[in-house]
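I opened the file and kept short notes as I went. I began with the overall fold and then turned to the packing.

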Amino acid sequence: MRFGFTDDQVAFRDAVRDLLEQECTPAHVRTAWTNETGRIPGLWDKLVEMGVIGMLAPEGTAPPA
């Protein structure tokens, strides 16, 4: 049994890390702390595009109608 990450998992990890290094710097977090929404503009959209949000639900799961 292999307990290591696959090449795809490592590449995905690296891509998410790179995005967060660029888009979620301490300066971004400080700005979000004081803005109306408490969010970093556009960050969630970029995470969705990468597929991070889809990882929260099992494959084949449809949202409630």
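The entries below follow the order in which I looked things up.

**Entry 1, the model.** I noted before anything else that this is a predicted model.

**Entry 2, secondary structure.** I counted the elements and found 3 helices and 0 strands in the chain. Along the sequence I read the pattern α-α-α.

**Entry 3, surface.** I looked up how much of the chain is covered. Of its 65 residues, 11% count as buried. The chain exposes about 5,800 Å². Carbon and sulfur atoms supply 60% of that area.

**Entry 4, core.** I asked which residues make up the largest nonpolar core. I found 5 residues in it: L19, A32, I40, L43 and L47. I added a general remark from my reading: in soluble globular proteins, nonpolar side chains tend to be buried together.

**Entry 5, A32.** I picked A32, one of the core residues, and checked its contacts. Leaving aside neighbours within four places in sequence, I found A32 in contact with G38, R39 and I40. I40 is itself listed in the core.

**Entry 6, a helix pair.** I then took helix α1, residues 7-23, and helix α3, residues 43-50. Their axes come within 11 Å and cross at roughly 165°. Because angles over 145 degrees count as roughly antiparallel, I wrote down α1 as roughly antiparallel to α3. The contact is made from the α1 side by F12, A15, V16, L19, L20 and E23. From the α3 side it is made by L43, K46, L47 and M50. I recorded the crossing of α1 past α3 as right-handed.

**Entry 7, cross-check.** I compared two of my lists. L19, L43 and L47 are in the core, and these residues also take part in the contact between α1 and α3.

Key. Residues are numbered from 1 along each chain as its sequence is written. This is a predicted model: local features need pLDDT of at least 70, side-chain atom pairs count only at pLDDT 80 or more; totals for chains, interfaces and linings use all residues. Side-chain values use heavy atoms; hydrogens and water are left out. Helices (H or I, at least four residues) and strands (E, at least two) are DSSP runs, numbered from the N terminus. Buried means under 20% relative accessible area, exposed over 50%, partly exposed in between (1.4 Å probe, protein chains only). Accessible areas come from the Shrake-Rupley method with a 1.4 Å probe; for residues, only the protein chains shown count as cover. A nonpolar core is a set of buried Ala, Val, Leu, Ile, Met, Phe, Trp, Tyr and Cys residues joined through side-chain atoms within 4.5 Å. Contact means heavy atoms within 4.5 Å. Axes are lines fitted to C-alpha atoms, for helices over the stretch in contact, and angles run from 0 to 180 degrees between N-to-C directions. Angles under 35 degrees count as roughly parallel, over 145 as roughly antiparallel, 65 to 115 as roughly perpendicular and the rest as oblique. A crossing is left-handed if the near helix is turned anticlockwise from the far one by less than a right angle, and right-handed if clockwise.
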